[in-house]
Amino acid sequence: MHRLLASRCSFSPMLAILASASSLAACAPWDLGEDEPPQVDDPGSVAIAAEPPPAISGGTLAVSRSAVRAVASDPDRDRVWIVDLQAQKLTAEIVLEKGDEPGRVVEDDAGRFHVALRRGSAIVTVDADSGKIVERRAACPAPRGIAYDARTDELHVACLGGELVTLPAGPGDATRRLQLDRDLRDVVVDGERLLVSKFRAAELLTVDADGSVAERQKIPQFNLFGQEFVPTVAWRTVGLPSGGVAMVHQRALIAPVEIVEGGYSSGGCDGSIVHSTVSEVGTPDSGDGPRASPALPSATLPVDLAVSADGASYAVVAAGTNEILITTPTTLNANMGFEGEGTCIDAQQRMAVNGEPTAVAFAGDAVIVQTREPAGIHVLGIPGISSNRVITLPGESRRDTGHEMFHRNAAGPMACASCHPEGGEDGHTWVFNPIGPRRTQFVSGGILNTAPFHWDGDMSGIEAIMNEVFERRMGGVHQGPRRVNLFARWIDSLPAPPVSLGPDQGAVARGEAVFHDKTVDCARCHAGAQLTSNESFDVGTGKAFQVPSLVRIGTRAPFMHDGCATSLRDRFTNPACGGGDLHGKTSHLAEDQIDDLVAYLETL
């Protein structure tokens, strides 16, 4: 149930932010001078979920090969829904463990559906006919992508920690575990090879049958009206009928960003420093490699992509605008930039969704859309042939004002989640004029205790962030104190991603000893629950910067305020980047001690 924000309590706004759900049940602690609590259906109202919902990850829907059944993961409610598309009704509600956060879904040849549990460290197998769980198996700490290999009757699971795990589709434990790069996202079976995407880098790895990485493909930079953009944040990667993959991803400006009133200035398709597109990678006709596809204007937060059975149509979820965009590879390829010049092309069709869409799939000619709030499966018909239908899903409302503010910006083409996908960061180093290069920072794991914010420590709190960044730089609408408090409550609730333990626990233990050795002096600044002192120091970089939190540092390359260290080892061994012995006394460490220190940092 929503807990409306009443005004009958005497808590301070900051104490209100930190209040628990149980205290909210007794009294909504937001003393902001209003006489009566607003109503949820009042456009000016606010709402708070009893437990803050997770950030949007997208891609939680699968339609059976017969096109008569939809299976939807619901990370907001820890449920799996099974829907009969022909009868237009819910046939099963599968309750998972609290905090499992189900994600990607795939069907095997036996008609079973397999669901990756993003925080449950497991794969759950569902019998869609009976609506029952038939097996739950350990996979890795943070499963992300999952694919079915019909040749071998196996599942392949890509994990945030870099693990690529193979399991039988039927009963049984993992048969192979590979360690690839961290930050894996999706996995696609393409003949005898596996194509694995990296989330923030928008890169595609080709893994041969023997488990070796045979190729790495990066989408080229994109020149739009004389300004360069680089691919980032590959939200979803899916296989194409003819081979290879289609990847829906963002691109970020690498030219200097002018900070002006009313929004960052780029001169792009819609004036945004971030835009979206769909790129084809690893296709039979790709020749020398992927090319830069046209920009899709106003496709804010492209969290999912579906490809029609014949490969002729793409459907993209724009979660930031509550729309489904329909385009075709023919259109994108025909308008592809040559000789470094890019272009913009709008989708052939934009379909507004009544709700917050997070996933999309094709079922024949129909487009199936999952909404998180209100929970439902929408069957979008063909104009002039069939009408739209909505299959309502049960469960409590998960509407939350803080969540909405993070994922939407009614006044501009980018949202907070554009640079902080899933409450993390995009791996990009922005060049702000006149501030200089600044690496996007991580916002999960309890950031309120790390104020002041930004590398320069010039943002005293969330209020300053909303006024300066959201309103002035992103062109967002001014937010009152009540909504700012709700935004702070939600963002501070974001847990850090699950961490993968290092394969060499001896190295981790030795690295921990090095980290806490007073002659090395790491722990003097990186201490406490957030592994930061919240202070600013000049560590040999020529200027004082805030001490960053080291929570989940292993998945957050590149490092330093300007992204100069491409790896943790580079941070300690690159004399032009790390700051030398002003930034921890590490010059006397042997190579194996550096390795141990890195092994420990990757477990934080």
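**Entry 1: a hairpin and its strands**

How many residues lie between β23 and β24 in the hairpin that they form? I found four residues between β23 and β24, and Asn322 in the turn has a positive phi of about 55°. Before going on, I noted that this is a predicted model, in which local features need pLDDT of at least 70, side-chain atom pairs count only at pLDDT 80 or more, and totals for chains, interfaces and linings use all residues. I also noted that residues are numbered from 1 along each chain as its sequence is written, and that side-chain values use heavy atoms, with hydrogens and water left out.

I recorded the terms next. Strands (E, at least two residues) and helices (H or I, at least four residues) are DSSP runs, numbered from the N terminus. Two strands pair if DSSP finds at least two bridges between them. Strands of a sheet pair through backbone hydrogen bonds, either parallel or antiparallel.

I then looked up the partners of β24 (residues 323–327). Strand β23 (residues 314–318) pairs with β24 in the antiparallel sense over five bridges, and Tyr314 stands opposite Thr327. Strand β25 (residues 349–352) is also an antiparallel partner of β24, over four bridges. There, Glu323 stands opposite Ala352.

Why is β24 described as largely enclosed by the rest of the structure? Five of its five residues are buried, so the description follows. Buried means under 20% relative accessible area, exposed over 50%, and partly exposed in between (1.4 Å probe, protein chains only). Glu323, Leu325 and Thr327 point one way from β24, while Ile324 and Ile326 point the other way.

**Entry 2: strand β28**

I turned to β28 (residues 375–380), where six of six residues are buried. On one side I listed Ala375, Ile377 and Val379, and on the other Gly376, His378 and Leu380. Both faces of the strand are thus recorded as covered.

A hairpin of two residues joins β27 to β28. Strand β27 (residues 366–372) pairs with β28 in the antiparallel sense over six bridges, and Arg372 has Ala375 as its bridge partner. Strand β29 (residues 389–392) runs antiparallel to β28 and is joined to it by four bridges. In β29, Thr392 is the bridge partner of Gly376.

**Entry 3: an open sheet**

I followed an open sheet of four strands, in the order β9-β10-β11-β12, with antiparallel pairing. β9 (143–149) and β12 (176–179) stand at the edges with a single partner strand each, so one side of each has no neighbour in the sheet. Neighbouring strands of this sheet are turned by 20° against each other on average, direction ignored. For such angles, axes are lines fitted to C-alpha atoms, for helices over the stretch in contact, and angles run from 0 to 180 degrees between N-to-C directions.

Inside the sheet, β10 (residues 154–159) and β11 (residues 163–168) pair over five bridges. His156 stands opposite Thr166 in β11.

**Entry 4: salt bridges**

I searched the whole structure for salt bridges and noted 43. A salt bridge is a side-chain nitrogen of Lys or Arg within 4 Å of a carboxyl oxygen of Asp or Glu.

Which residue forms a salt bridge with Asp149? I found Arg151, with the closest N and O atoms 3.4 Å apart. Asp149 is buried, at 4% relative accessible area.

Asp181 and Lys198 meet at 3.1 Å, N to O. Asp181 lies in the loop between β12 and β13 (184–190) and Lys198 in strand β14 (residues 193–198), so the pair ties together parts 17 residues apart in sequence. Asp181 is partly exposed at 22% relative accessibility, whereas Lys198 is buried at 14%.

Asp186 forms a salt bridge with Arg236, with the closest N and O atoms 3.8 Å apart. Asp186 belongs to strand β13 and Arg236 to strand β18 (residues 227–239), distant parts of the chain 50 residues apart. I found Asp186 buried at 4% and Arg236 buried at 13%.

I also recorded a network of salt bridges that links Glu101, Arg118, Arg119, Arg185 and Glu422.

**Entry 5: helix α7**

My last item was α7 (residues 481–493), a helix of 13 residues. It reaches 18 Å from its first C-alpha to its last, close to the 18 Å expected. The expected span is 1.5 Å times one less than the number of residues. Of the 13 residues, 10 are buried, so α7 is largely enclosed by the rest of the structure. Among them are Phe487, Trp490 and Asp492.
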